[in-house]
Amino acid sequence: MLKIYKTLDLTGSTCAGPIGELLGVMGEINDDEAVEAIIGDAETARQVREWVKATGYKLVSETQEGNKFKFVIGR
């Protein structure tokens, strides 16, 4: 089971901001850890999904509550 290394509340960021923040933190995690990211809009959530695919990271889970998207991303 993966342990959450850090939770990032990125609801106030759009465009490349969340990707940059994720990129910095993903380099810090071990194989048994994941990062939880909370995104505040559908377009940024789409960009995060594409970034995860392009980088080879693993989208462990994705949930949505209202306009907030919660991603758990691991190695």
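Which residue in strand 4 is the bridge partner of A34? In this predicted model, A34 is paired with G74 of strand 4. This pairing belongs to the junction of strand 2 and strand 4, where 6 bridges link two strands that run antiparallel. The strands and their pairing are described below, followed by the helices and the nonpolar core.

Strand 2, which spans residues 33–39, also pairs with strand 1, which spans residues 3–10. Here 7 bridges are found, and the two strands run parallel. Within this pairing, K6 has V35 of strand 2 as its bridge partner. Strand 2 is thus bridged to strand 1 and to strand 4. Burial extends along the whole of strand 2: 7 of its 7 residues are buried, so the strand is largely enclosed by the rest of the structure. Its side chains are divided between two directions, with E33, V35, A37 and I39 pointing one way and A34, E36 and I38 pointing the other way. The residues of both sets are buried.

E36 illustrates this enclosure. The residue lies in strand 2 and has a relative accessible area of 16%. E36 counts as buried because this value is under the 20% limit. Leaving aside residues up to four places away in sequence, E36 touches I4, K6, T7 and L8, together with K70, F71 and V72. Of the strands that hold these residues, strand 1 covers residues 3–10 and strand 4 covers residues 68–74.

Strand 4 is joined to strand 3 as well. Strand 3 comprises residues 58–65, and 7 bridges connect it to strand 4 in an antiparallel arrangement. The two strands form a hairpin with 2 residues between them. In the turn, G66 has a positive phi of about 60 degrees. E65 is placed opposite K68 of strand 4, and Q64 has F69 of strand 4 as its bridge partner. Strand 4 is mostly covered, with 5 of its 7 residues buried.

Two helices accompany the strands in the nonpolar core. The largest such core contains 17 residues, and those with the most contacts inside it are L22, V35, I39, V48, F71 and I73. Two or more core residues are contributed by each of strand 1, helix 1 (17–26), strand 2, helix 2 (42–55) and strand 4. L22, located in helix 1, is buried at 0% relative accessibility. Apart from neighbours within four places in sequence, L22 is in contact with L8, L10, V35, A37, V48, W51 and I73. L10, one of these contacts, is 12 residues from L22 in sequence, and the C-alpha atoms of the two residues are 9.5 Å apart. I73 has its own set of contacts beyond four places in sequence, consisting of L22, M26, I29, A34, V35, V48, V52, Y57, K58, L59 and V60.

Helix 2 has 14 residues and extends 20 Å from its first C-alpha to its last, close to the 20 Å expected at 1.5 Å a residue. Its buried residues are T44, A45, V48, W51 and V52. Viewed down the helix axis, these residues fall within an arc of 120 degrees, so they line one face of helix 2. The cover over them includes helix 1, strand 2, strand 3 and strand 4. On the other side of helix 2, K53 and A54 are exposed. The buried face of the helix includes V48, which is also among the residues with the most contacts inside the largest nonpolar core.

The structure contains 1 aromatic pair. The pair is formed by W51 and Y57, with 5.4 Å between the ring centres and 40 degrees between the planes, a tilted arrangement. W51 counts as buried because its relative accessibility of 11% is under the 20% limit. Y57 is also one of the residues that I73 touches.

The loop between strand 2 and helix 2 contains D41. D41 is partly exposed, with a relative accessible area of 22%. D41 and V60 are separated by 19 residues in sequence and by 19 Å in space, C-alpha to C-alpha. V60 is among the residues touched by I73.

Notes: Residues numbered from 1 in each chain as written. Predicted model: local features only at pLDDT ≥ 70, side-chain atom pairs only at ≥ 80, totals over all residues. Heavy atoms only, no water. Pairing = 2+ DSSP bridges. Helix = DSSP H or I, 4+ residues; strand = E, 2+ residues; numbered from the N terminus. Phe/Tyr/Trp six-rings, centres within 6.5 Å; stacked < 30°, edge-to-face > 60°. Buried < 20%, exposed > 50% of the residue type's maximum accessible area, 1.4 Å probe, protein only. Core = buried A, V, L, I, M, F, W, Y, C linked by side-chain atoms within 4.5 Å. Contact = heavy atoms within 4.5 Å. Expected span 1.5 Å × (residues − 1). Arc of directions from axis to C-beta.
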